[in-house]
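The following exercises ask for careful reading of a protein model. Each task is followed by a solution that proceeds in steps.

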Amino acid sequence: MSRIGRLPITVPTDVEVKIDGAVVTVKGGKGELTHTVATPIEVNLEDSTLSVTRPNDERLSRSLHGLTRTLLANMIEGVTKGYEKKLEIVGTGYRVQAKGSDLEFALGFSHPVTVSAPEGIAFTVENPTKFTVSGIDKQRVGEVAANIRKLRKPDPYKGKGIRYAGEVVRRKVGKAGK
């Protein structure tokens with residue numbers, strides 16, 4: 001049996017879970033998320049506990065069991081607490097500023113780079129070199145943060161670029177001087 005899949009998910013009192021066939025809807029203080037459960041997996045709600053079960057021990061069922069349980073737990077945590085990714089910018093002249101709900105980056109290109117906030121995602125700028133991506137959907141927050149990081153990845157020689165807060169960039173030694 002899956003060690004993660006068999007764990008029950010406790011539903012907080014302020015969260016409403018609705019199961020309609022294969023569609024699970026989670027509604028909380030921060031918003032609402034839906035997920036379609038894959039075919040062999042079943043989700044049951046008893047009292048304030050969600051349980052995920054699988055009908056057999058086939059390879060597909062086993063792989064989807066823990067995944068489904070984790071996705072549902074992430075949805076419940078997202079509508080109660082939310083998720084955030086902190087990023088920082090390193091480099092001379094590199095900076096970020098908020099333009100309404102969008103972000104405008106100066107990353108050493110000949111033009112400023114503008115990133116607009118997708119639906120359900122919010123940006124906060126703490127200072128010109130630190131900002132946060134936040135939202136209720138864990139996958140979306142991570143994807144938006146990764147796409148922003150792709151604008152200017154950390155350089156292994158000088159360390160310049162956009163990185164996650166606390167990320168350690170492995171530095172390379174440059175050419176040996178005379």
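Two strands count as paired if DSSP finds at least two bridges between them. The model to which this rule is applied here is a predicted one.

**Exercise 1. A hairpin and its pairing**

Task: Determine how many bridges pair strand β11 with strand β12, and which residue stands opposite Ile121.

Solution.
Step 1. Locate the strands: β11 covers residues 121–127 and β12 covers residues 130–135.
Step 2. Count the bridges: the two strands pair over six bridges, in the antiparallel sense.
Step 3. Find the partner: Ile121 has Gly135 of β12 opposite to it.
Step 4. Follow the connection: β11 leads into β12 by a hairpin through two residues.

**Exercise 2. The surroundings of Thr132**

Task: State whether Thr132 is buried or exposed, and which side chain makes a polar contact with its side chain.

Solution.
Step 1. Place the residue: Thr132 belongs to strand β12.
Step 2. Apply the cut-off: buried means under 20% relative accessible area. The value for Thr132 is 2%, so Thr132 is buried.
Step 3. Identify the polar contact: the side chains of Thr132 and Glu126 approach to 2.6 Å.
Step 4. List further contacts: apart from neighbours within four places in sequence, Thr132 touches Glu84, Lys85, Lys86, Ala122, Phe123, Thr124 and Glu126.

**Exercise 3. Salt bridges**

Task: State how many salt bridges the model contains, and describe the residues that form them.

Solution.
Step 1. Recall the principle: side chains of opposite charge can pair when their charged atoms come close.
Step 2. Give the count: there are four salt bridges.
Step 3. Examine Arg54 and Asp57: their side chains form a salt bridge with an N to O distance of 2.9 Å. Arg54 has 13% relative accessibility and therefore counts as buried, whereas Asp57, at 56%, counts as exposed.
Step 4. Examine Lys86 and Glu84: these side chains meet in a salt bridge of 3.6 Å, N to O. Lys86 counts as partly exposed, at 39% relative accessibility. A network of salt bridges links Glu84, Lys86 and Glu126.
Step 5. Examine Glu167 and Arg149: the closest N and O atoms of this salt bridge are 2.7 Å apart. The pair links distant parts of the chain, 18 residues apart: Glu167 lies in the segment after β13 (161–164), and Arg149 lies in helix α2 (residues 138–151). Glu167 is partly exposed at 23% relative accessibility, while Arg149 is buried at 19%.

**Exercise 4. An open sheet and a helix**

Task: Explain why β2 and β4 each have one side without a neighbour in the sheet.

Solution.
Step 1. Establish the order: three strands form an open sheet, β2-β3-β4, with antiparallel pairing.
Step 2. Draw the conclusion: β2 (16–20) and β4 (32–36) are at the edges and have a single partner strand each, so one side of each lacks a neighbour in the sheet.
Step 3. Add the twist: from one strand to the next it averages 15°.
Step 4. Inspect one pairing: β3 (residues 23–27) is joined to β4 by five bridges. Among the facing residues, Lys27 is opposite Glu32, and Val26 has Leu33 as its bridge partner.
Step 5. Place the helix: α1 (residues 59–80) packs on the sheet and touches β3 and β4. The direction of α1 makes about 170° with that of β4.

**Exercise 5. Positive phi angles**

Task: Which residue has a positive phi of about 55° although it is not a glycine, and where does Asp47 lie?

Solution.
Step 1. Recall the usual case: most residues other than glycine have a negative phi.
Step 2. Identify the residue: Asp47 has the positive phi of about 55° and is not a glycine.
Step 3. Locate Asp47: the residue is in the loop between β5 (42–46) and β6 (49–53). Asp47 is exposed, with 81% relative accessible area.
Step 4. Consider a glycine: Gly31 takes a positive phi near 160° in the hairpin of β3 and β4, which has four residues between the strands.

**Exercise 6. An annotated domain**

Task: Which residues does UniProt assign to the domain feature, and what is the helix and strand content of each span?

Solution.
Step 1. Consult the record: an unreviewed UniProt entry places "domain: Large ribosomal subunit protein uL6 alpha-beta" at residues 11–82 and 90–164.
Step 2. Describe residues 11–82: this span is 31% helix and 35% strand, with its end C-alpha atoms 15 Å apart.
Step 3. Describe residues 90–164: this span is 19% helix and 41% strand, and its end C-alpha atoms are 11 Å apart.

Notes: Residues numbered from 1 in each chain as written. Predicted model: local features only at pLDDT ≥ 70, side-chain atom pairs only at ≥ 80, totals over all residues. Heavy atoms only, no water. Axes fitted to C-alpha atoms, helices over the stretch in contact; angles between N-to-C directions. Contact = heavy atoms within 4.5 Å. UniProt positions renumbered as here; feature names shortened; annotations may be inferred. Buried < 20%, exposed > 50% of the residue type's maximum accessible area, 1.4 Å probe, protein only. Polar contact = N/O pair within 3.5 Å; in protein donor to acceptor, adjacent residues only side chain to side chain.
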